[in-house]
Amino acid sequence: MMNWGNGFGGWGIPFFGPFFMILFWALIIIGIVYLVKMLMGQQGSTEEKKETPLDILKKRYAKGEIDKKEFDKKKKDLME
């Protein structure tokens, strides 16, 4: 019967097999963690983009929907 290799799976060094197995799973886990962080970051950034009531009030004043007196009154109400 023919004997191919030296009994170490063709690599010649016995620790390469387990080393690459650990490396493979480490890369898979790192990839999953990265994806989860990326998805969580996108959800968090949408919450940060929400307008505050003061921002909406400023836009209404800038568009001319309300005058200076009404703007000041509503701003004071919001700050309380």
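**Close-ups of a three-helix chain**

**View 1. Y61 counts as partly exposed, at 34% relative accessibility.** The model shown here is a predicted one. F71 has a relative accessibility of 9%, so this ring residue counts as buried, the cut-off being under 20%. Buried residues make up just 4% of the 80 residues in the protein chain.

**View 2. F19 and F20 make an edge-to-face pair.** Searching the whole structure turns up three aromatic pairs. In this one, the ring centres of F19 and F20 sit 5.4 Å apart with 70° between the planes, so the pair counts as edge-to-face. F19 is partly exposed, at a relative accessible area of 43%. F20 is partly exposed too, at 37%.

**View 3. Y61 and F71 make a stacked pair.** Here the rings are 4.8 Å apart, centre to centre, and their planes differ by 25°. Y61 belongs to helix 2 (residues 53-63) and F71 to helix 3 (residues 68-79), so the pair ties together parts that are ten residues apart in sequence.

**View 4. A nonpolar patch sits out on the surface.** Its members are M21, F24, W25, I28, I32, V36 and M40, and together they have about 710 Å² of accessible area. One of them, I32, lies in helix 1, which runs over residues 16-48.

**View 5. Zooming back out, the chain reads α-α-α along the sequence.** That's three helices and zero strands. The chain exposes about 7,500 Å², and carbon and sulfur atoms supply 67% of that area.

Key:
Residues numbered from 1 in each chain as written. Predicted model: local features only at pLDDT ≥ 70, side-chain atom pairs only at ≥ 80, totals over all residues. Heavy atoms only, no water. Patch = residues over 30% accessible without salt bridge, like charges linked within 9 Å, V, L, I, M, F, W, Y side chains within 5 Å. Areas by Shrake-Rupley, 256 points an atom, 1.4 Å probe, with all protein chains shown as cover. Salt bridge = Lys/Arg side-chain N within 4 Å of Asp/Glu carboxyl O. Helix = DSSP H or I, 4+ residues; strand = E, 2+ residues; numbered from the N terminus. Buried < 20%, exposed > 50% of the residue type's maximum accessible area, 1.4 Å probe, protein only. Phe/Tyr/Trp six-rings, centres within 6.5 Å; stacked < 30°, edge-to-face > 60°.
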